[in-house]
Amino acid sequence: MEILPRPSEFEDRAGPAFWIDEAIWGHRLHDEQSPWLTFLEFLTVLLSEHREGRALREDRLNSLSYKPQLQLRLRNLVFNNPHIMTVRTEARSDEQAWTLWLEKMAETAGGLDRPDFAYLRDRFESFEDFAAVLSFLQGSAIEGSSNKRWSSKFVFPFGPHALYEDANVKPSGSVSNDRRFFARTGELLYMMLARSAHAEALQALLVTRFLENPAPYDSMAQALQGERQLAKAERAGAYLPCASHPIFDRLGADWLAILNLPIPAHDAIPHLVTVTGLNLILYQLERARELLGRPPITLVCEIVSPKKSVVRDLSADSYQANNMLPQQAIERFVRRVTETDAWAEALASEDPTHVATDILQREFGWPDGDDDELSTEPQAFVDGLVERATVRHKQHVGKIHMTWARAIGLSSRRSSRRVRYAPTDRLLKTLVVACVDERLEFKDFLVLLHDRYGFVIGDAQARLFIDSGTADQEDFSDNAHRLEERLASLGLLKRLSDSCAYVENPFQRAQVA
């Protein structure tokens with residue numbers, strides 16, 4: 001597997017403090033950017049690159065540079081507009097409502113040189129129609145109930161006019177991009193799909209379904225926004241270390257399966273978000289596993305039972321072991337430099353501290369001139385770097401597994417003091433629509449989930465635990481039976497006889513019917 005060099009801007013000291021998390025997983029994974037916000041950032045990149053004629057295509061690896069939309073008029077109207085309710089209460093006529101609201105909005109709109117919204121009067125038959133559109137977009141907003149500032153809230157991505165980057169609008173009116181909620185994870189997703197074996201097919205589907213033939217509701221965003229607004233500067237600096245990876249191909253295959261469903265594009269989005277979250281969790285774990293030289297990643301999943309079970313304990317153990325993998329990979333990534341010939345030569349040199357420091361600077365971008373307080377012993381430098389890298393890792397990248405697993409419905413603490421893998425109905429439905437063409441025998445579905453994502457649910461996949469005496473075959477057979485009952489209650493499984501049950505994709509079933 002080819003690992004790509006660091007980008008030049010890091011060499012110029014414009015990047016992070018040291019290059020460790022980024023070297024393993026890319027620049028960057030970030031826990032505060034939810035799977036939904038990652039998907040929105042991806043679409044923002046896709047739209048910009050499509051307008052440049054290079055959607056899902058990297059002419060040169062890690063050269064992504066794009067100019068996103070800002071759409072400040074749209075988000076002012078939807079999220080920075082407390083005047084609608086008061087105006088509707090105070091105004092006695094449509095004319096008075098428009099006049100009063102335009103005066104108030106001109107005083108409070110943020111980030112606009114000329115906050116003139118008079119054009120809206122020609123686009124809506126009445127003030128009430130205008131207010132109804134705002135109410136709809138507010139009600140369908142992504143994470144609309146959050147307490148984020150108005151410039152970091154997002155309308156549902158109905159089409160190209162509803163896409164924009166996260167921004168920080170200051171009281172002075174200045175506008176800058178903000179990397180807290182659009183932290184580049186969407187850029188990583190874009191590059192993963194561009195490097196997948198399915199990039200060409202995905203490009204055609206994504207452009208057609210999301211950009212060129214958007215949902216009718218996108219016209220609402222267009223009417224509110226008017227002429228599109230672009231960021232003043234290009235966004236560059238994204239980095240993905242792997243030129244290719246099996247997870248990129250599996251992620252692309254999952255997206256293709258969902259995008260080919262006979263459902264509206266905006267109905268496919270929740271499934272795309274969920275399957276993206278799952279694959280990025282597995283990407284983080286898999287890259288850690290590769291560094292550590294461990295066996296393939298497995299996730300023991302408990303299908304929630306009414307009482308404590310062996311599977312519940314094993315699932316909690318599985319969750320905890322996987323949760324620690326990235327941190328262990330950080331330490332391994334740093335300490336393996338001491339196993340190189342260059343390090344041995346440094347220790348044998350006349351000035352081991354100086355030579356060792358050069359090696360660390362070349363490999364990790366550390367130490368710099370501000371680290372004079374560190375011990376001059378080469379091993380102490382390594383120990384210090386491991387400690388600092390671990391502290392930094394725990395702040396954001398180390399929380400991805402925990403935060404995202406909960407967000408997509410993969411983990412739960414329900415009926416237990418320990419967190420374990422316990423898939424929700426929402427995740428189960430996404431797994432069915434992504435993995436089942438029309439129908440698949442239930443036992444084959446369990447095999448597919450294990451082979452594709454490492455899920456251990458039934459006894460056939462749990463042989464390691466059964467053969468070692470950790471669990472009985474009945475424990476996992478009961479677990480599989482609970483999944484069968486769950487899928488049947490969701491309308492995703494049909495039992496034809498005592499020995500034959502089929503998992504059915506509800507959207508493909510409807511098409512066949």
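In this predicted model, a salt bridge is a side-chain nitrogen of Lys or Arg within 4 Å of a carboxyl oxygen of Asp or Glu.

Q: How many salt bridges does a search of the whole structure find?
A: Side chains of opposite charge can pair when their charged atoms come close. When the whole structure is searched for such pairs, the number of salt bridges found is 27.

Q: Which residue forms a salt bridge with Arg54, and is that residue buried or exposed?
A: The closest N and O atoms of the pair are 2.7 Å apart, and the partner of Arg54 is Glu49. Arg54 itself is partly exposed, with a relative accessible area of 24%. Buried means under 20% relative accessible area, so Glu49, at 3% relative accessibility, counts as buried.

Q: Which residue in helix H13 meets Glu302 in a salt bridge?
A: The N to O distance in this salt bridge of Glu302 is 3.1 Å, and the partner is Arg312. The pair links distant parts of the chain, 10 residues apart, with Glu302 in the loop between strand E5 (299-300) and H13 and the partner in helix H13 (residues 310-335). Glu302 is buried, with a relative accessible area of 0%, and at 5% relative accessibility the residue that also counts as buried is Arg312.

Q: Where in the chain does Arg420, a salt-bridge partner of Glu302, lie?
A: The closest N and O atoms of Glu302 and Arg420 are 2.7 Å apart. This pair links distant parts of the chain, 118 residues apart, with Glu302 in the loop between E5 and H13. Both residues are buried, and Arg420 lies in strand E7 (residues 420-421).

Key
Residues numbered from 1 in each chain as written. Predicted model: local features only at pLDDT ≥ 70, side-chain atom pairs only at ≥ 80, totals over all residues. Heavy atoms only, no water. Buried < 20%, exposed > 50% of the residue type's maximum accessible area, 1.4 Å probe, protein only. Helix = DSSP H or I, 4+ residues; strand = E, 2+ residues; numbered from the N terminus.
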